Amino acid sequence: MPGRRGATMLEDLPEDIMDKILISLPSKDVGRCRAVSASWRSATSTPAFMLEHRRRQPSFPIVDGQGRPASLVVVRDANVHEQLWPFLPGPEHRLQNCLRGACDGFLVVSRGNQLYICNPVIRTYALLPEPQRQYNTIAGFYCHHSTGEYRVLWVSQSHDSSTSSLYVLTVGSDKPRHNRVRMPTVSSPSAEQKLLNKLRFSSDCSPPVHHRGSLHWRHCGASDIMGDDGDIIVFDTEEESFRWMRGPTQPCHCRKLFDMEGTLAFWGGSTPRSTSMDVWVMQDYEAEIWAFKYRIDLSTVEASRQLYSTSFVKKRIRSLDSTVRLLNDVAVLNKCELLVMFNKKHVLRCNVDGKFLGVVNIGKSHYCMLLTQHRLQESIVPIPGHDMMQEKPRSLHSPQGMSEWS
């Protein structure tokens with residue numbers, strides 16, 4: 001509102017009305033409000049406001065374009081794709097960010113030999129210490145709800161790769177702590193090593209699914225045959241204990257866990273090179289009962305007319321062979337749409353009935369994209385317990401001279 005009268009009218013609004021207006025704003029607009037008004041900065045900086053604002057935000061899948069032309073991109077809907085804050089600490093800008101974990105708007109990112117936690121909305125980051133071992137695998141990143149702490153779960157191998165150990169780092173502390181493996185069926189050192197090796201391998205295959213205060217990994221073994229105890233590793237983030245869970249009993253290939261609008265879900269193909277997938281959802285968590293939801297058949301999808309790549313050497317456009325020959329991964333875009341990675345490099349959109357809706361592209365690029373299975377829920381909450389570093393945007397996608405967080 002221009003002029004003194006408009007400013008006075010805003011200041012005269014009741015505090016509860018002003019709070020409702022501010023908390024309904026997108027994150028970037030909250031940042032702009034902070035930049036122009038001291039009272040708005042104060043109102044939007046309380047822990048209660050920031051937590052409630054985050055709670056209202058939807059989560060969106062993150063696609064990795066592998067630097068061609070962008071790396072980590074949030075897919076909001078069919079036509080809105082937003083590159084995450086480029087996060088360029090230090091002079092080695094040529095190194096690519098590798099996304100290792102996501103929780104409540106915080107991302108764990110590795111860059112070279114360094115590990116960071118960052119909030120891409122408010123453009124802050126902090127260095128995370130790692131266990132002093134040769135090979136460290138991040139198994140999970142989660143919130144310990146009873147304390148409000150954010151923690152990183154590691155599986156670390158010794159220098160000679162003979163033993164594996166479990167470590168937990170609380171964000172804000174300067175050293176990870178060693179954790180013993182707590183699991184009813186693990187009663188010997190050899191059984192503990194077997195579990196940790198399965199956890200390390202499963203974490204490399206796909207990140208865990210957050211559900212009901214626990215992390216869930218689909219055990220990616222050499223076979224899709226379910227073991228005696230189950231095929232899903234579950235880690236209770238409050239008790240810091242493990243257990244096994246059974247997935248759907250129907251035989252299928254390439255079985256993977258994913259989150260379907262707050263429900264634990266499973267997908268798998270009927271053959272190793274299947275172009276259709278069956279989706280199950282958890283019907284009864286305590287009883288470990290799964291229900292078949294639907295089958296999506298993409299064997300008839302022919303997207304060649306919508307897929308093009310540009311040759312920058314010869315400056316010409318050529319069509320790509322984009323017939324769906326193999327399904328690789330799936331992520332939920334919204335209640336009605338899925339993202340499906342196919343032929344190991346393309347991502348398409350389809351509805352839950354299998355109807356083809358289009359191909360995901362980043363700029364002019366339609367290829368070499370990965371579904372990370374991580375999601376971003378925007379947050380203006382600062383990184384806990386750290387002297388945060390903040391970097392000005394230096395990307396062509398982030399113009400200078402804009403307001404806070406832009």
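**Entry 1: surface patch**

I began with the surface and found a nonpolar patch formed by Leu13, Ile17 and Ile21, which together have about 200 Å² of accessible area. The model I am working from is predicted. I looked up Ile21 within the patch and placed it in helix H2, residues 15-23. Its relative accessibility is 36%, so I entered Ile21 as partly exposed.

**Entry 2: cavities**

I next looked for enclosed space. How many cavities of 30 Å³ or more are there? I noted two cavities of that volume. For the largest cavity I wrote down a volume of about 70 Å³.

I then listed the lining of the largest cavity: Ser202, Ser206, Pro207, Val209, His216, Trp217, Arg218, Cys220, Arg255, Lys256 and Leu257. Which elements give two or more residues to this lining? I found strand E13 (214-218) and strand E16 (253-260). Sorted by class, the lining of the largest cavity has five nonpolar, three polar and three charged residues.

I followed one of the lining residues, Leu257, further. I located Leu257 in strand E16. Leu257 has a relative accessible area of 6%, and I therefore entered it as buried, the cut-off being under 20%. I also checked Leu257 against Val281: the two are 24 residues apart along the chain, and their C-alpha atoms are separated by 9.7 Å.

**Entry 3: salt bridges**

I turned to charged pairs. Side chains of opposite charge can pair when their charged atoms come close. My count for the model is 16 salt bridges, and I looked up several of them.

The side chains of Arg32 and Asp29 form a salt bridge at 3.0 Å, N to O. I found both Arg32 and Asp29 in helix H3 (residues 27-36), three residues apart, which is about one turn of the helix. Are these two buried or partly exposed? Arg32 is partly exposed at a relative accessible area of 33%, and Asp29 is partly exposed at 29%.

I then took the pair Glu337 and Arg349, whose closest N and O atoms are 3.1 Å apart in a salt bridge. This pair links distant parts of the chain, with Glu337 in strand E23 (residues 337-342) and Arg349 in strand E24 (residues 346-351), twelve residues apart. Buried or exposed, I asked of Glu337. The relative accessibility of Glu337 is 16%, so I entered it as buried. Arg349 has 11% relative accessibility and also counts as buried. My note on the contrast: Arg32 is partly exposed, whereas Arg349 is buried.

I also recorded a network, in which salt bridges that share partners join Lys28, Arg76, Glu82 and Glu378. Within the network I looked at Glu82 and Arg76, whose side chains meet in a salt bridge at 2.9 Å, N to O. Glu82 is partly exposed, with a relative accessible area of 26%.

**Entry 4: positive phi**

I checked backbone angles next. Asp104 has a phi near 55°, which is a positive value in a residue other than glycine. Where is Asp104 found? I placed Asp104 in the loop between strand E4 (98-103) and strand E5 (106-111). At 22% relative accessibility I entered Asp104 as partly exposed.

Arg123 is another non-glycine residue with a positive phi, near 55°. I placed Arg123 in the loop between strand E6 (114-119) and strand E7 (124-127). Buried or exposed, I asked of Arg123. Its relative accessible area is 8%, so I entered Arg123 as buried. Set side by side, Asp104 is partly exposed, while Arg123 is buried.

**Entry 5: a contact across the sequence**

I ended with Asn328, which I located in strand E22 (residues 327-332). At 17% relative accessibility, Asn328 falls under the 20% cut-off and therefore counts as buried. How many residues separate Asn328 and Gly268 in sequence? I noted 60 residues in sequence and, in space, 9.7 Å from C-alpha to C-alpha.

How values were computed. Residues are numbered from 1 along each chain as its sequence is written. This is a predicted model: local features need pLDDT of at least 70, side-chain atom pairs count only at pLDDT 80 or more; totals for chains, interfaces and linings use all residues. Side-chain values use heavy atoms; hydrogens and water are left out. On a 1 Å grid over the protein atoms alone, a cavity is a set of points where a 1.4 Å probe fits but cannot get out, and a pocket is an open set with protein on both sides within 12 Å along at least five of seven lines; lining residues have an atom within 4 Å of a point. Grid points are joined across faces, edges and corners, and a volume is the space filled by probe spheres set on the points. Helices (H or I, at least four residues) and strands (E, at least two) are DSSP runs, numbered from the N terminus. Ala, Val, Leu, Ile, Met, Phe, Trp, Tyr, Cys and Pro count as nonpolar, Asp, Glu, Lys and Arg as charged, and the others, Gly among them, as polar. Patches are made of residues with over 30% relative accessible area and no salt bridge: like charges are joined within 9 Å, nonpolar side chains (Val, Leu, Ile, Met, Phe, Trp, Tyr) within 5 Å. Accessible areas come from the Shrake-Rupley method with a 1.4 Å probe; for residues, only the protein chains shown count as cover. A salt bridge is a side-chain nitrogen of Lys or Arg within 4 Å of a carboxyl oxygen of Asp or Glu. Buried means under 20% relative accessible area, exposed over 50%, partly exposed in between (1.4 Å probe, protein chains only).
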